[in-house]
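Hi everyone, thanks for coming. I'd like to walk you through one protein today, moving between single residues and the whole chain. Let me put it up on the screen.

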Amino acid sequence: MSDYLADVQKYDSAADEAVVNKIVRHLGIALRNKDSALVSASDPKELERVKEKWCEKKLGVDGAEADAAIAAAAKAMADDRSKSRVTFYYLVAKHLGKLQAL
């Protein structure tokens, strides 16, 4: 868990460990596989999955607002070649103001 928190804190030094833990629990088994534990921000299908599964189903946000949050997370993590799914999801939720809703 501390690895996920440390990665999130690179982008948000005030990240709440409890919120990060909720995201980790939500992702569950997907984090065991290196490929599914990362987000490919250059793959439109991947970003569509993030929008559908995370933004719409979990956070209740869709459309342009979800697209803007995903784009903001991708931009924030642009220098990171291996984009952690936990960190990416955290940044999307933060952009949407939904961290406390988790």
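Let's begin with arginine 25, which has a relative accessible area of 57% and is therefore exposed, since the cut-off for that class is over 50%. Its place is in helix H2, which covers residues 17–27. Now, how far is arginine 25 from valine 86 in space, C-alpha to C-alpha? The answer is 9.9 Å, although the two are 61 residues apart in sequence.

Before I go on, a word about what you're looking at: this is a predicted model. The average pLDDT of the protein is 95, and 99% of the residues score at least 70. If you go element by element, the lowest mean pLDDT, 92, belongs to helix H1 (residues 2–9), while helix H5 (residues 85–96) has the highest, 98.

Now the overall layout. The protein has five helices and two strands, and along the sequence they come in the order α-α-β-α-α-β-α. The radius of gyration is 12 Å, close to the 13 Å that the globule rule gives for 102 residues, so the protein is as compact as a globular protein of that length. If you prefer a box, the C-alpha atoms fill one of roughly 35 × 30 × 25 Å along the principal axes.

What about contacts along the chain? Taking the contacts with a separation of 6 or more, 61% are between residues 24 or more positions apart.

Let's go back to single residues, with alanine 69 in helix H4, residues 63–76. Is alanine 69 buried or exposed? It counts as buried, because its relative accessibility is 0%. Leaving out neighbours within four places in sequence, alanine 69 is in contact with Val92, His95 and Leu96. You can also check its C-alpha distance to tyrosine 89: that is 9.7 Å, with their positions 20 residues apart in sequence.

Next is lysine 51, which sits in helix H3, residues 44–58. For those of you who think about charges, here is one to look at: lysine 51 has 11% relative accessibility, so it counts as buried, the cut-off being under 20%. Which residues does lysine 51 touch, beyond those up to four places away in sequence? They are Glu56, Gly63, Ala66, Asp67 and Ile70. The C-alpha atoms of lysine 51 and glutamate 65 are 10.0 Å from each other, and the two residues are 14 apart along the chain.

Staying with charge for a moment, the whole protein carries 17 positive and 16 negative side chains. The centres of those two sets lie 3 Å apart.

My last residue is leucine 38, in strand S1, which is residues 38–39. Leucine 38 counts as partly exposed because its relative accessibility is 27%. Setting aside residues up to four places away in sequence, leucine 38 touches Glu46, Ser82, Lys83, Ser84 and Arg85. Its C-alpha atom is separated by 21 Å from that of alanine 18, 20 residues apart along the chain.

To finish, let's zoom out to the surface. Of the 102 residues, 42% are buried. The accessible surface of the protein comes to about 5,900 Å², and carbon and sulfur atoms account for 47% of it.

That's my tour. Thanks for listening, and I'm happy to rotate the view for anyone.

Conventions: Residues numbered from 1 in each chain as written. Predicted model: local features only at pLDDT ≥ 70, side-chain atom pairs only at ≥ 80, totals over all residues. Heavy atoms only, no water. Helix = DSSP H or I, 4+ residues; strand = E, 2+ residues; numbered from the N terminus. Rg over C-alpha atoms; globule rule 2.2 N^0.38 Å. Buried < 20%, exposed > 50% of the residue type's maximum accessible area, 1.4 Å probe, protein only. Contact = heavy atoms within 4.5 Å. Areas by Shrake-Rupley, 256 points an atom, 1.4 Å probe, with all protein chains shown as cover. Lys, Arg positive; Asp, Glu negative; His and termini not counted. Charge placed at Lys NZ, Arg CZ, Asp CG, Glu CD. pLDDT = per-residue confidence, 0-100.
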